[in-house]
Amino acid sequence: MFPLRRVPLALCFLRFAAASLQAPFRLDRNQSSSFRANSTAAMTQNLFALKQAPDLFSPQDLVSFPRPGAGVPNLAGDFLFVPLSQYDLSEGKNVKYIHVYSIGNPSVEPLRIQLSKQSEPFWLNTGRLIGFIKPNEQDPKVVDICSWDVSHFDAFPSKDGIVQADDMPSVCIGQIPHPEPSNFYWYPRSSHLVFSAYVWEDGKLETAAKRDEEYENRGNTGMVFDTTYERQWDAWKTPGRHSTLFTVQFYMDPGRQWRMNEDGRGFVNLLKSAETGHSTPVEPFGGAEDFAVSENYVVYSTLDPDQSKEAAWHTRRDIFITDIRGEGYPRKLTSGEQGATSSPVISPRQDKVAWLEMNEDGYEADKNNILIYDLTKNIRYTLAQEWDRSPSSLDFDKQGYILFGSVGDEARVKVFAIPVPPTPLTPSDVLPAKYHAPIALTSDGAVSGVLAMYTGRLVFTRNSLTSPNDVFVLYGLPHLVDYINALPEDKPMDFTLSSVIQSVQTKPGVEDLSLVQITSFTDTQRKGKTMNAGEDFWFKGAEGKKIQGFIVKPPGFVEGETKKWPAVLLIHGGPQSAWEDQWSTRWNPQVFASQGYFTVFINPTGSSTFGQELTDAIAGDWGGKPFVDLQLGWEHILKSYPEIDTERTVAAGASWGGYAINWIESNPQFSFNFKAVVCHDGVFDPMYNGFSTDELFFFNHDWHGKPWEPKTKELIRKFSPAEHADKWSVPMLVIHSSKDYRLAETEGIAAFHVLQQRGVPSRLLVFPDENHWVLKHGNSLKWHYEVFRWFDQFVGESAK
């Protein structure tokens, strides 16, 4: 769950609020009516505007900056493309592109393609063909599979460096009888294309569109459910409809063009979903990372079909492997006793499968362990068992010696590497020290899309608190692989990438080991913008634990100018997540800082990336240790930075952070002294949330049971903001979205009703078309405007 932003006005409003914040409001009906009348008049007299200047990073900049995805290399490892979107403020539309880069010659200007109806790009063959789909002009239930040859970037007409996709010569390869196939992956050695699509109980691609049409035209809007999920994240489920994987084989015609196989096999449901009950990618966020493809196999993660009638209170996912041609039935590789699984990958020799696995069913934030299954010896074992971090992705190097991936570590997301040991004789064998923990290859920012290539290169995408995504390539990967393989087995790995780069010797036929930034998507837009890097701070929190946080200073901050700056405390959601050295298109600390706020964001008890003990410690203690941490961290900042005006402080949080805002309202003895707060999609009544949330496992885990169970009821009475609503007094902007099925919108409405009836200055902002996150560009601008308008009303310059 996640958080925050925006600011207001009104001088008489402010003076009243400042005087009243020291104690709970006790307004009679006449006082309340008079206050509302005065505040309304004041707001009509003072027009608020967001700060904008060439050197400031404004909400308009946040919305209009390019938004690059992760780099996608071809199998040959000499080209990659990056999907990118950019919102045009003047026209009010989002434009999509793909940028194609030469990894072998990064100095060459990229090919920038503006898409129209084309979507789902993927690499076709090992080299220079990009496949894509587009709607069929005659039949809306069908899409065409086509391809571009991007061997020569200068072969296409361009304007201002942009090539229009509709102007590029393309070749039609075949058709898919489905309007929305997705997650395409082509494996050249077997000439198979694997993709996902939604189908019905029969599991057939060919009947899906017709069944969709029949359902839409059924003559009523009723939906009948006998089991959960009935709805998830932001969508109601369609009974009987599920996602599965299909495969189809291609061949090369006499003219050297790829064509879809017409041998009668057609599209094969790899999961045999009508019989097995398997479904992947796993909703609501699953994608291509839920399966992997090799020459002979497809391996995938799926919810345990034996728990399909209890899906909302379980997280167990199993790993299966199946033949890429769809012959035979999928084979389970997991034990069946684990929790969630993710990121399955197949070794280049197809003798091993690796994946990430949690131990506890029903806990979405359990530690991810690295599991390896030796397909030749039928042995499943755990790598790096004692490593107290939770990786998020995996990939084998192209010799199968090293596993690379990404992992959160102390508010950064780093590239890691760990050698693959010889398969032990039994799963319980203790591995040598070299295999106890990976080594980090990066130290800052947040990485994603870590992929090894056959050319001996490693590609990954990285962003930070001051920059959106850019793509990096580690050249000369065989040097690093050889270095790691040569390390003694009886000692833990201890080196840095820079030390290896400096020490390795040149080898004939192997590129030098070097790390190169390939893209610079937002250099032009960021030029001249003041974006201060996040500064870490550490302090002793609850039970003496070390707790970390960040600050971002506002532009123009000068040390020694006392009581000059208002400050904001941002509280993250999750709660098992973290503020990281990471770019955000929603809660971006740079935006808060550029609006003139000394911006503070803390990773209290419950946060991830600092070890599993800290992450686990919030369960059953939502209103306990995390607030000791937040109080001590806030106190630390106010004492360390006299430049902050302690009479002009505010706070904002979303999801669990929204709960935190509500809990601060319920506990004036915390003495944060905030003059105004913002609660975005926050928990008001945990009892109601335990009954109404879509993913019941989350509540059941964090509140130690179901909402009617005695121990859980006791916890709710202890930590529920609804139980202490009589203490609420701090002016609050409440934001909630109608399609938020994680936390129903009535949570926000209930909080607003409390504030209104108690005469506390309050405002409700509702987005009928958003989910737990505000994603639409226009809505994002509205969100920021209202958050900063609200803050300005109480701590802005006029508030003085």
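Here are a few notes on a four-strand sheet and one pocket in this structure, which is a predicted model.

1. Let's start with the sheet. Strands 22, 23, 24 and 25 line up in the order 22-23-24-25. The sheet they make is open, and its pairing is antiparallel. Going from one strand to the next, the twist averages 20°.

2. Now look at the edges. Which strands stand there? They are strand 22 (341-346) and strand 25 (379-383). Each of these has a single partner strand, so one side of strand 22 and one side of strand 25 have no neighbour in the sheet.

3. Next, pick out strand 23 (residues 352-357) and strand 24 (residues 369-374). These two run antiparallel, and six bridges join them. If you want one pair to find on screen, try K352: its bridge partner in strand 24 is D374.

4. Moving on to the second largest pocket: how much space lies in it? The figure is about 370 Å³. Its lining is made up of 20 residues, and those closest to the pocket's centre are H99, Y101, R112, S520 and F521.

5. Where does that lining come from? At least two residues each are supplied by strand 3 (79-88), strand 4 (93-102) and helix 8 (523-526). Strand 4 gives the most, with three residues.

6. Finally, sort the lining of the second largest pocket by class. You'll count 10 nonpolar residues, seven polar ones and three charged ones.

Conventions:
Residues numbered from 1 in each chain as written. Predicted model: local features only at pLDDT ≥ 70, side-chain atom pairs only at ≥ 80, totals over all residues. Heavy atoms only, no water. Pairing = 2+ DSSP bridges. Axes fitted to C-alpha atoms, helices over the stretch in contact; angles between N-to-C directions. 1 Å grid on protein atoms, 1.4 Å probe; cavity = no way out; pocket = protein on both sides within 12 Å on 5 of 7 lines; lining within 4 Å. Points joined across faces, edges and corners; volume = space filled by probe spheres on them. Nonpolar A, V, L, I, M, F, W, Y, C, P; charged D, E, K, R; others polar.
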